[in-house]
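Please examine the sequence and the three-dimensional structure shown below. The explanation that follows them is intended to be read with both in view.

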Amino acid sequence: MPSLRPFVPVKWQQLAAWLRKGDGNRLLIVNTGVCSGLYALGDVCQQKLTGSGTNDWARNLRMATLGLLMGPVNHYWYVALDFVMPGRAGKTVFKKVLADQLVMAPVCCVLFYTGMCFLERKTSRQAMGELKVKFWPTYKMDCTVWPAAQVVNFYFVPPAWRVTYNSVMTFLWTVFLSYMKHVSKGSHSSMIHPCSSPSNEEAT
């Protein structure tokens, strides 16, 4: 069965083995830290790409805080998938990717927007309004990006590195998420048409 193992340095393989010890607690901590850091870094890059000038550190902190939530969610999701559907056969990978897109992707979209609104101290009504507008564009883009990435994840990447691999892919995805989060309601057409210039989210 194809594997990335022959291409992974021995020290990395040893690190993966060390992370798997301790009932998975080490791996959970590392996955959570990586996810949080990449959420913040993705937001920094998004601000640079849109030429927002001075970096908004409070916004970076909110993204990093949300990453602390998403890290464990992803960690236990992949543990559950491997438990319910063990192995890397083609049929198993297909089922995992399908489950990821139909279950985890919508959950992550909801958690992202509602979580960020909570950290911004918005009302539940404001959060639901934002989710209603931004969920479908985000989910449709998710369905064009993540299936191929998750085939690689489930078929080639060892279980100990799946959340880390997913987080690295999420770094690029988070740039898009940060953009989606911080554009104004009047700029939603530019979410799908990149030629339109984004604007900062209007204060609510």
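The paragraphs below treat helix packing, salt bridges, cysteines and a few individual residues in turn.

The structure is a predicted model, and this should be kept in mind throughout. A suitable place to begin is the pair of helices H2 and H3. Helix H2 comprises residues 25-49, and helix H3 comprises residues 57-84. Their axes lie 7 Å apart, and the two helices pack at an angle of about 140°. The crossing of H2 with H3 is right-handed. On the side of H2, the residues that make the contact include Leu27, Cys35, Tyr39 and Asp43, while those of H3 include Arg59, Met63, Gly67 and Tyr76. What is the character of the residues in this contact of H2 with H3? They divide into 13 nonpolar, 9 polar and 2 charged residues.

Both Asp43 and Arg59 belong to this contact, and they are also partners in a salt bridge. The closest N and O atoms of arginine 59 and aspartate 43 are 2.8 Å apart. This pair links distant parts of the chain, since arginine 59 is in helix H3 and aspartate 43 in helix H2, 16 residues apart. Are these two residues buried or exposed? Arginine 59 has a relative accessibility of 8% and therefore counts as buried. Aspartate 43, at 0% relative accessibility, likewise counts as buried.

A search of the whole structure finds 7 salt bridges. Another of them is formed by aspartate 82 and lysine 96, with the closest N and O atoms 2.8 Å apart. Aspartate 82 lies in helix H3 and lysine 96 in helix H4, which spans residues 90-119, so this salt bridge ties together parts that are 14 residues apart in sequence. The two partners can also be described by their accessibility. Aspartate 82 is partly exposed, with a relative accessible area of 23%, whereas lysine 96 is buried, with a relative accessible area of 0%.

A further salt bridge is found within a single helix. The side chains of lysine 134 and glutamate 130 meet at 3.6 Å, N to O. Both residues are in helix H5, residues 124-155, and because they are 4 residues apart there, about one helical turn separates them. Lysine 134 and glutamate 130 are both buried. Salt bridges that share partners join these two residues with Glu120, Lys122 and Lys181 into one network.

The cysteines come next. A disulfide is a covalent bond between the sulfur atoms of two cysteines. How many disulfides does the structure hold? The number is 0. Cysteine 35 is in no disulfide, and the nearest cysteine sulfur, which belongs to cysteine 108, is 8.7 Å away. Cysteine 35 counts as buried, at 4% relative accessibility. For cysteine 109, the closest cysteine sulfur is again in cysteine 108, at 7.3 Å, and this distance is too far for a bond. Cysteine 109 is buried as well, with a relative accessible area of 4%.

Some individual residues complete the picture. Proline 106 is located in helix H4, and it is buried, with a relative accessible area of 18%. Which residues does proline 106 contact, once its neighbours within four places in sequence are left aside? They are Gln101, Phe135 and Tyr139. The C-alpha atom of proline 106 is separated by 9.3 Å from that of threonine 138, although the two residues are 32 residues apart along the chain.

Threonine 174 lies in helix H6, residues 162-181. At 0% relative accessibility, threonine 174 counts as buried. When residues up to four places away in sequence are not counted, threonine 174 touches Leu38, Tyr39, Gly42 and Met63. Two of these, Tyr39 of H2 and Met63 of H3, also take part in the contact between those helices.

The last residue to consider is arginine 121, in the loop between H4 and H5. Its phi angle is near 60°, a positive value in a residue other than glycine. Is arginine 121 buried or exposed? Arginine 121 is exposed, with a relative accessible area of 77%.

Notes:
Residues are numbered from 1 along each chain as its sequence is written. This is a predicted model: local features need pLDDT of at least 70, side-chain atom pairs count only at pLDDT 80 or more; totals for chains, interfaces and linings use all residues. Side-chain values use heavy atoms; hydrogens and water are left out. A salt bridge is a side-chain nitrogen of Lys or Arg within 4 Å of a carboxyl oxygen of Asp or Glu. Buried means under 20% relative accessible area, exposed over 50%, partly exposed in between (1.4 Å probe, protein chains only). Axes are lines fitted to C-alpha atoms, for helices over the stretch in contact, and angles run from 0 to 180 degrees between N-to-C directions. A crossing is left-handed if the near helix is turned anticlockwise from the far one by less than a right angle, and right-handed if clockwise. Contact means heavy atoms within 4.5 Å. Ala, Val, Leu, Ile, Met, Phe, Trp, Tyr, Cys and Pro count as nonpolar, Asp, Glu, Lys and Arg as charged, and the others, Gly among them, as polar. A disulfide is a pair of cysteine sulfur atoms within 2.5 Å.
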